[in-house]
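Biologist: Before I trust the labels, I want to see the reasoning behind them. Can we go through them one by one?

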Amino acid sequence: MMTNTLLVCGASIGLAVIGAKIFNAACDRIGRLVAERRDLIAENKFLKMTDDELAAVILADVRDGRF
């Protein structure tokens, strides 16, 4: 009877560890996808800028000392 209890406890802990690893991997994957999407949106916005808008951004960066 004691052996069965230990097996059930061990199995529960094992399943919890496996579940935590799967959850962690899923969160990492979701985080990477969100970051990639954000980068693509920013790149798309940059590519759609007019020359005047791009010049304004560059001038603002130069004024702020980023270059």
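Biologist: Why is Cys9 called partly exposed?

Modeller: Its relative accessible area is 41%. Buried means under 20%, exposed means over 50%, and partly exposed lies in between (1.4 Å probe, protein chains only). So Cys9 counts as partly exposed. Keep in mind that this is a predicted model: local features need pLDDT of at least 70, side-chain atom pairs count only at pLDDT 80 or more, and totals for chains, interfaces and linings use all residues. Residues are numbered from 1 along each chain as its sequence is written, and side-chain values use heavy atoms, with hydrogens and water left out.

Biologist: What makes Cys27 partly exposed?

Modeller: Cys27 has a relative accessible area of 35%, therefore the label is partly exposed.

Biologist: How many disulfides does the structure hold?

Modeller: Zero. A disulfide is a pair of cysteine sulfur atoms within 2.5 Å.

Biologist: Why does Lys45 count as exposed?

Modeller: Because its relative accessibility is 62%. Lys45 lies in helix α1, residues 2–47. Helices are DSSP runs of H or I with at least four residues, strands are runs of E with at least two, and both are numbered from the N terminus. Ile18 lies in helix α1 too. The chain has two helices and zero strands.

Biologist: Why does the span of helix α2 agree with its length?

Modeller: The expected span is 1.5 Å times one less than the number of residues. Helix α2, residues 51–64, has 14 residues, so it should span 20 Å. Its end C-alpha atoms are 20 Å apart, which agrees. Just after α2, Gly65 takes a positive phi of about 80°.

Biologist: How do you know how the chain compares with a compact globule?

Modeller: Use the radius of gyration, taken over C-alpha atoms; the globule rule is 2.2 Å times the number of residues to the power 0.38. A compact globule of 67 residues would be near 11 Å, but this chain has 25 Å. Its C-alpha trace spans about 80 × 25 × 10 Å along the principal axes. Of the 67 residues, 1% count as buried.
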